[in-house]
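User: I have a two-chain file open and want to go through it with you. Can you start with the charged pairs?

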Amino acid sequence: MGLPLMMERSSNNNNNNVVELSRVAVSDTHGEDSPYFAGWKAYDENPYDETHNPSGVIQMGLAENQVSFDLLETYLEKKNPEGSMWGSKGAPGFRENALFQDYHGLKTFRQAMASFMEQIRGGKSRFDPDRIVLTAGATAANELLTFILADPNDALLVPTPYYPGFDRDLRWRTGVKIVPIHCDSSNNFQITPEALESAYQTARDANIRVRGVLITNPSNPLGATVQKKVLEDLLDFCVRKNIHLVSDEIYSGSVFHASEFTSVAEIVENIDDVSVKERVHIVYSLSKDLGLPGFRVGTIYSYSDNVVKTARRMSSFTLVSSQTQHMLASMLSDVEFTENYIRINRERLRRRYETIVEGLKKAGIECLKGSAGLFCWMNLGFLLEKKTKDGELQLWDVILKELKLNISPGTSCHCSEFGWFRVCFANMSENTLEIALKRIHEFMDRRRKF
Amino acid sequence: MRLIVPLRGVIQGRGGLFVGSLIPCCLFYFLQLYLKGRRPPPSDPTELPRTSSRSNLFSRGNSIGRVRVSSRAVPVAKPPDSPYYIGLERVKTDPYDRITNTDGIIQLGLAESTLCFDLLQRWMSENLMESIMQSGDGEFDISSIAMYKPFEGLLELRVAFADFMSRIMGGKVSFDPSKMVITAGGTPAIEVLAFCLADHGNAFLIPTPYYPGFERDIKFRTGVELIPVHCRSSDNFTVTVSALEQAFNQARKRGSKVSGILFSNPSNPVGNILSRETLHDILKFAQEKNIHVIYDEIFAGSVYGEKEFVSMAEIADSGDVDKSRVHIIYALSKDLSIPGFRAGVIYSFHEDVVSAAKKLMRFSSVSVPVQRILISLLSDVRFIEEYMTAHRQRIRDKHVRFVEGLKQLGIPCAESGGGLYCWVDMSSLLTSYSEKGELELFEKLLTVAKINATPGTACFCIEPGWFRCCFTALADEDIPVIMDRIRQLAESIRS
């Protein structure tokens with residue numbers, strides 16, 4: 001771990017008198033020392049700006065949704081007489097907000113969340129507001145669930161490639177391990193029963209107890225939805241092994257065509273058997289679909305009464321302020337607004353996706369067939385000199401330094417095939433996207449000349 | 001101990017072969033039991049044959065094992081056994097209302113203040129909208145509240161907080177925004193510090209009586225233990241270095257590793273304020289043992305007595321001790337009466353702790369629109385001065401009334417100079433001077449007098465009969481009602 005010697009001393013009577021910190025504090029599980037952070041640094045030092053810095057680094061490594069901000073702005077400005085939405089009018093509003101710190105969360109807000117989640121799924125599943133536990137973001141939701149479902153040194157199985165943040169969110173404070181379920185391009189990176197069994201066996205061979213499977217659906221970084229059959233197989237697997245199934249559906253509202261998304265809620269909806277249902281938990285947040293990561297609103301939706309109760313109590317470490325709940329409750333209950341928003345947001349994301357995929361195709365670059373999300377999964381394997389981790393990182397470095405594009409290399413997502421990159425397209429204007437594509441075209445042209 | 005003697009006997013040839021073979025057998029037996037307990041349960045207790053018919057698998061509940069949660073999750077869901085939580089729950093079933101439910105249970109168990117709500121309300125109605133909606137040029141720009149911002153809090157908020165904290169602590173110490181991390185309330189602040197300063201199984205020393213919530217906040221997920229350092233009424237429940245020394249040594253003998261000491265100042269539940277000298281002595285002690293000191297200064301702005309409040313930051317700054325062991329927690333829940341907003345602070349003199357805490361804030365950060373409101377609120381110096389003056393004055397007045405009311409019933413309170421409560425000595429009402437007697441009194445207060453006050457046992461107080469009574473959510477007219485109920489109960493007990 002590379003700790004300075006004095007930090008490893010365990011006796012209290014330390015002559016050097018440098019006070020010790022915990023393993024959690026000195027661990028590098030937070031991942032910020034990894035090579036990919038050079039990308040963020042490069043962006044911070046030289047950020048692209050349409051007017052002031054047109055040759056700067058374009059941030060394509062941040063999955064943020066800015067395509068529908070105008071809809072939110074309009075709503076907040078217009079449909080908000082006297083700031084009533086902010087709870088500033090009248091005595092009762094303020095009193096309630098200021099004092100309210102119940103980890104149950106505002107009932108109106110939970111109802112609004114449940115209704116929103118139902119709408120996103122086209123009404124194909126019902127959500128019970130009393131099963132919703134609020135957390136300050138999906139990051140907190142995933143960590144909280146991990147604390148509840150697994151003990152230190154237990155493992156969660158996670159299909160690769162996966163969101164790099166999981167290494168930190170699921171493992172850092174919890175002490176839980178991640179065992180990868182290897183997926184590859186031969187079947188569009190879908191999870192197979194063989195891969196599941198293999199991952200499970202790997203854990204058992206290392207004497208590690210598996211407590212659950214955690215998937216992201218739609219997937220980050222693939223930008224694709226998980227097929228219904230795969231979900232059924234997953235639940236099957238979890239029942240047989242008697243483990244949990246966590247489905248992080250944070251991008252569920254960003255599916256380009258509603259019909260292409262099956263939530264695990266739909267699978268569970270028709271099952272009466274509690275012992276099957278109670279192992280299923282869904283994570284959601286307003287950060288991606290609604291483009292409000294700054295609001296820090298996440299939820300755990302669990303079909304287990306015990307997990308709901310436990311998560312609620314533990315959520316005291318990560319409560320959503322009552323002010324925020326109040327603000328959003330009226331917006332999310334406004335069905336006219338949400339229906340409109342969901343529909344337009346989807347269309348815009350689809351158009352962006354088509355723009356980038358077409359643009360890349362013209363440059364001779366293929367992407368995985370995507371159906372959702374704020375990014376595409378691009379295949380640059382053919383450009384690699386060596387199909388190795390180093391080869392990929394070298395190419396990534398070239399893209400960062402020469403093209404001034406910060407994209408995420410597949411190895412940061414633990415992809416077992418080299419040469420894949422995640423490219424975000426929703427956190428910039430259409431113009432900026434065009435510029436990025438232009439840079440890629442020029443790069444590919446230059447390459448062809450050699 | 002008992003094992004050593006026979007072994008010695010074996011070695012010296014006394015007790016002989018029998019004992020010599022018995023002990024290893026016993027040890028082996030216990031080892032087996034221990035290992036069995038530790039072995040993970042069979043992972044597939046219901047290894048069902050793979051069937052193509054999905055409905056078969058999902059239809060018979062009896063044949064599928066119930067899936068388990070982690071062992072650390074198990075205690076969390078259990079019904080609360082501490083009178084602190086039990087009392088809070090009971091009030092919810094029948095809450096007092098001076099108009100609609102005059103027979104209800106009066107809440108004295110929650111340290112909250114509504115005394116200056118009128119001022120806050122006025123500020124909110126005048127400023128709330130602007131503080132969220134406006135950016136520099138007066139136009140609403142949603143990116144100012146919607147997008148990802150650093151998890152440790154906007155710089156402007158840290159600057160405003162630093163200034164605010166300095167102000168409410170008498171302006172004698174300044175806080176450096178770069179040592180500060182903004183958290184979603186005091187609860188995550190203390191937990192994150194515990195995660196950073198101690199490993200699973202390590203311990204913090206903590207003077208008793210202490211805030212019952214620490215039991216959850218620290219123990220739920222970190223695995224850090226709390227070792228009580230008992231304080232007595234003879235010292236007005238003020239901790240002494242000799243008591244710390246004793247507790248430290250005892251812990252060491254037991255094999256516990258002490259990573260730090262946790263204090264609240266002003267203290268909760270007693271409400272006393274540590275003197276400059278005591279703060280110095282404690283820091284020296286921590287230096288000597290090479291451990292951390294954590295100060296929960298959440299009531300720093302709620303000081304109403306004559307005694308001056310001194311922040312540990314001031315002592316740390318004074319230079320002759322390694323300050324990287326000093327960490328302070330603060331939050332707006334008590335002084336500014338806005339627990340619902342969820343805004344707290346970790347303030348640490350240790351660079352690496354600040355750095356780790358910043359990264360951990362992704363799990364507990366404050367929403368950006370709320371940060372904007374707070375920047376506006378905390379920077380409104382004129383308002384803050386007006387508020388703090390009123391806040392202190394109103395607490396002082398309420399405190400005087402409450403304590404006087406109790407005095408007239410022959411019930412004394414500990415000396416206190418801060419906080420939203422007083423520490424009441426109801427030992428004269430105990431039928432037996434014991435924990436049992438105290439819990440009986442707690443029950444009588446709840447069911448007969450219909451008052452929820454937190455008994456000392458919930459706060460790990462070593463002397464029976466003490467109760468924490470929070471008075472800052474009471475109107476003046478509630479106080480005679482309370483005193484009357486207590487008087488009636490007292491009469492029925494004494495007769």
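**Salt bridges, interface, cavities**

Analyst: A:E249 and A:R121 form a salt bridge, with their closest N and O atoms 2.6 Å apart. The term stands for a side-chain nitrogen of Lys or Arg within 4 Å of a carboxyl oxygen of Asp or Glu. This is a predicted model, where local features need pLDDT of at least 70, side-chain atom pairs count only at pLDDT 80 or more, and totals for chains, interfaces and linings use all residues. Residues are numbered from 1 along each chain as its sequence is written, chains are lettered from A and ligands numbered from 1 in the order in which they are written, and side-chain values use heavy atoms, with hydrogens and water left out.

User: Where do A:E249 and A:R121 sit in the chain?

Analyst: They link distant parts of the chain, 128 residues apart. A:E249 is in the loop between β6 (244–248) and α11 (264–269) of chain A, and A:R121 is in the loop between α6 (107–120) and β2 (132–135) of chain A. Helices (H or I, at least four residues) and strands (E, at least two) are DSSP runs, numbered from the N terminus.

User: How many salt bridges over all chains?

Analyst: The count is 49. Between chain A and chain B there are four. One of those pairs B:D199 with A:R23, at 3.7 Å from N to O.

User: OK, the interface then. How many residues does each chain put into the contact?

Analyst: Chain A gives 100 residues and chain B 98, where contact means heavy atoms within 4.5 Å. About 8,800 Å² is buried between the two chains, 58% of it on carbon and sulfur atoms. Buried area is the accessible area (1.4 Å probe) that two parts lose on being put together, summed over both.

User: And how many residue pairs are in polar contact there?

Analyst: 29 pairs, with both residues at pLDDT 80 or more. A polar contact is a pair of N or O atoms within 3.5 Å; within protein, one must be able to donate a hydrogen and the other to accept it, and residues adjacent in sequence count only if both atoms are side-chain atoms.

User: New topic. How many cavities of 30 Å³ or more?

Analyst: Seven. On a 1 Å grid over the protein atoms alone, a cavity is a set of points where a 1.4 Å probe fits but cannot get out, and lining residues have an atom within 4 Å of a point. The largest has a volume of about 190 Å³, a volume being the space filled by probe spheres set on the points, which are joined across faces, edges and corners.

User: What lines the largest cavity?

Analyst: 17 residues line the largest cavity, and those closest to its centre are B:P207, B:P209, B:F237, B:S264 and B:S267. The largest share, three residues, comes from β5(B).

User: Where is B:P209?

Analyst: B:P209 lies in the loop between β3 and α10 (213–222) of chain B. The peptide bond from B:T208 to B:P209 is cis, with omega near -5°.

How values were computed: 1 Å grid on protein atoms, 1.4 Å probe; cavity = no way out; pocket = protein on both sides within 12 Å on 5 of 7 lines; lining within 4 Å.
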